[in-house]
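Please open the model in your viewer and keep the selection tool at hand, since each stop on this tour begins with something to select. The route starts with a single pair of residues and widens from there.

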Amino acid sequence: MLDQSYYTKTDEIIERYGKKASSLIPIMQDIQEVYRYLPGELLEYVAGQIGIKEAKAYSVATFYENFSFEEKGKYIIKVCDGTACHVRKSTPILETMFKELGLSKKKHTTDDMMFTVEMVSCLGACGLAPTMMVNEEVHPKMSPEKAIDLIQELRGENR
Amino acid sequence: MGTITVDGRQIEFTNEKNVLSIIQKAGIDLPTLCYHKDLPAFGACRLCTVEDDRGRTFAACSEEPRDGMVIKTTSPKLLKYRRMIIELLLASHDRECTTCDESGSCTLQKLAHRYGVTNVRFANTRERREIDSSSPSIVRDPNKCVLCGNCVRVCDEIQGIGALGFSFRGTDATVLPAFDRPIAETTCVNCGQCRVACPTGAITIHTSMDQVWDAVADPDTRVVAQIAPAVRVAIGDAFGMKIGQDVIGRIVTALKRMGFDEVYDTIFSADMTILEESAEFLERVKSGGTLPLLTSCCPAWVKLITDQYKDFIPNISTCRSPQGMMSAAVKEYYRDPERAAGKKTVMVSFMPCTAKKYEAKRPNSFTNGEQDTDIVITSTELIRMIQNYGLDFAGLEPQKADDPFGYGSGGGVIFGVTGGVTEAVIRRLMPDETPETLKMIAESGVRGLDGIKEFTVPYNGIDVKICVASGLANARKVLDSVRAGEKEYHLIEVMACRGGCVMGGGQPVHNGIYLTAERTEGIYEADEASEVKKPDANKPLLSLYDTFLGGKEHHLLHNEFY
């Protein structure tokens, strides 16, 4: 069960967009903005409030890669795998990062809730390929070695 | 309005919404997986793709007809496309056809055969998903899903439930309940209409046949059957008989041959329901009780109310369903040690309905904490049981159901169609049963396949306002309008399945062909052929009320909803 504060916050967000079916996506985005993920309980709650079926809400939420039902780590690392990044070898970067952090395509977040690694389609910085983002910060022209350095640096900040 | 040329023939059209329906009118059976007569065109399967005179190809279901169109439905190019679509569907499909429940009635299998798809060149890259058998009514096997969307759309648009949805996207797309929960933990009402609409074996009936064979083989068990009204008009055609023909006599014989000890007829307990429900209705009208009274025969409808319309729970009739009344009465009958003769009694209920499997397990349908209906078998399973036994069904000599629970009125028979319960109750309320009165009732507005029927019947100086709905999305509209104060009724009858129980989720399906009209006609014919039209004239029933049922009516025939 989520704390009551989650529902109070969600009520505020719903208020912002109005109780209608078309508000679903902006409401989900705002919830994810606040909690950095989309708690399933809140999606159910939103569906009930705006009058759509739960299965429909789930359908929309799973259609977009961007929505996540899993709690995310302190650092959300997005590895771009758009065409430009892909041809400039983004896959080895992702694999190195998975190996370094003990993650996989199924397991995105480290147990200490420090890192979440995701592959995304395009960050819109093709000229800087291969590109990565750590939270809001862009890291251009990456390589597997630079990725490991970056992770160690981030770990150091939290010692 | 206009004319289109289909394969060189001129076909006139009036208000057809799409090219597909005109092609069908021209007598051409264009393949489809996702086209459903009661739903807007979806255009998912692309199998109905046709070609025009400029070589342009398009899905016939999603194309508006224009005067002067010239269309080819079959050409080397189209055949190649169709085969390719089928091959791709088969590639990501669990092709263990021989052990699939739908084998033989699967649309995909038939299409593969029809188009001669004999080789599948691509490997199945879809991740295997768990089979969901959490529901007592249906089994979902996503590995056999072709993503046509029929179940999703029927559940949402016709039934207003929306328990299923498309989840994920692209090659990961899968039909799932919200959060991939077991279907039994959702708002699913067990109506089985998803299974009726499914063109493959992705949704099938949760079967209980082996339990029946075990019971029949046990000499210490008295195996008792009851057969619902809608079953008798839905199984003859599987054995080469006329579609919609009433075959109750042969079903009785078949069950006796299989080793059933007693075979009773649910129209007997439907008569009980009429007596109990009309008494309850009059009592509520007289004493100012909660109105409108909502019928309680349909377990899917009842679950919709108890899940989502809790404020209407006091409106639900306390009457058990005919299945429940029969089981409770029969079990009580054999509680008498002399009648029991040392055997335990197992009640097997033959129903057109998947939700009845759920109802049998619903604790408030029990008596003294014991489950009254032990096993529920759908019409589809009954056909298979007859086939298991190797009976020449059409050649069987019909016989009558057993006393004392085997006799019923025409009013009990018509429970199988939408409006039937209401019509039977009105018959009960009317002072006589002359042909004129019966005709007046039949023409009051209670019959017909409209999803929502409203009409008024005069009774004892009041105008009884009645609403009859079938299809739960229609039921929702009715309840919403009552809740909003826009409508006022005395009685609301709802059957979850469009057309009533004859189109129940447990009935045999025919590749998207709906036999509503034939089965409905079969029910009304059986009513006409019945000796008595209303339960007041059912002498075995009345004598049972005078003897062992006396004083136990509330205990055995009613239940509370909360």
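Select C80(A) together with V120(A): in this predicted model, V120(A) in strand β2(A) is the bridge partner of C80(A). Widen the selection to strand β1, residues 75–80 of chain A, and you will find that β1 and β2(A) run parallel and are joined by 6 bridges. Next add helix α6, residues 91–101 of chain A, which packs on the sheet and touches both β1 and β2 of chain A, its direction making about 160 degrees with that of β2(A).

Now bring in the rest of this sheet. In chain A, 4 strands form an open sheet with mixed pairing, in the order β2-β1-β3-β4. Which strands lie at the edges? They are β2 (115–120) and β4 (137–139) of chain A, each of which pairs on one side only. From one strand to the next, the twist averages 20 degrees.

With the sheet in place, select chain A as a whole. Chain A holds 7 helices and 4 strands, and from the N terminus on they follow one another as α-α-α-α-β-α-α-β-β-β-α. Its C-alpha atoms fill a box of roughly 50 × 35 × 25 Å along the principal axes, and 28% of its 159 residues count as buried. Among the contacts in chain A with a separation of 6 or more, 64% are between residues 24 or more positions apart. Colour residues 4–63 and 75–157 separately to see domain 1 and domain 2 of chain A; taken over C-alpha atoms, the centres of domain 1 and domain 2 of chain A are separated by 29 Å.

From here, move to the place where the two chains meet. There, 10 residues of chain A are in contact with 12 residues of chain B. Select helix α4, residues 54–63 of chain A, since with 8 residues this helix gives the most to the side of chain A that touches chain B. Sorted by class, the side of chain A that touches chain B has 4 nonpolar, 3 polar and 3 charged residues.

Cross into chain B and colour its three domains: domain 1 covers 2–74, domain 2 covers 88–205, and domain 3 covers 210–557. The centres of domain 2 and domain 3 of chain B, taken over C-alpha atoms, are 30 Å apart, and 20 residues of domain 2 of chain B are in contact with 27 residues of domain 3 of chain B. On the side of domain 2 of chain B that touches domain 3 of chain B, the helices α3 (107–114), α4 (150–158) and α5 (193–197) of chain B each supply at least two residues, and α5(B) gives the most, with 3 residues. The residues of that side of domain 2 of chain B divide into 8 nonpolar, 9 polar and 3 charged.

Select next a sheet of chain B, an open one of 4 strands with parallel pairing in the order β11-β10-β13-β14. Its edge strands are β11 (262–265) and β14 (375–378) of chain B, and neighbouring strands of this sheet are turned by 25 degrees against each other on average, direction ignored. Strand β13, residues 344–351 of chain B, pairs with β14(B) in the parallel sense over 4 bridges, and within β14(B) the bridge partner of S349(B) is V376(B). Helix α8, residues 266–287 of chain B, packs on the sheet and touches β10 (221–227) and β11 of chain B, its direction making about 45 degrees with that of β11(B). Helix α10, residues 322–333 of chain B, lies across β10, β11 and β13 of chain B and runs at about 165 degrees to β13(B).

For the last stops, look inside. Helix α9, residues 299–308 of chain B, is mostly covered, with 7 of its 10 residues buried, including W301(B), V302(B) and L304(B). The buried residues of α9(B) pack against β12 (293–294), α12 (355–361), α17 (472–483) and β17 (491–495) of chain B. W301(B) also appears in the largest nonpolar core, which has 167 residues, and the residues with the most contacts inside that core are C151(B), W301(B), V348(B) and A496(B). Helix α8(B) provides the largest share of this core, 7 residues. A second, separate core of 19 residues includes I77(A), I93(A), L101(A) and L103(A).

Terms used:
Residues numbered from 1 in each chain as written. Chains lettered and ligands numbered in written order. Predicted model: local features only at pLDDT ≥ 70, side-chain atom pairs only at ≥ 80, totals over all residues. Buried ≥ 20, exposed ≤ 12 C-beta atoms within 10 Å, placed from the backbone. Contact = placed C-beta atoms within 7 Å. Domains from an automatic or database assignment. Nonpolar A, V, L, I, M, F, W, Y, C, P; charged D, E, K, R; others polar. Pairing = 2+ DSSP bridges. Axes fitted to C-alpha atoms, helices over the stretch in contact; angles between N-to-C directions. Core = buried A, V, L, I, M, F, W, Y, C linked by C-beta atoms within 7 Å.
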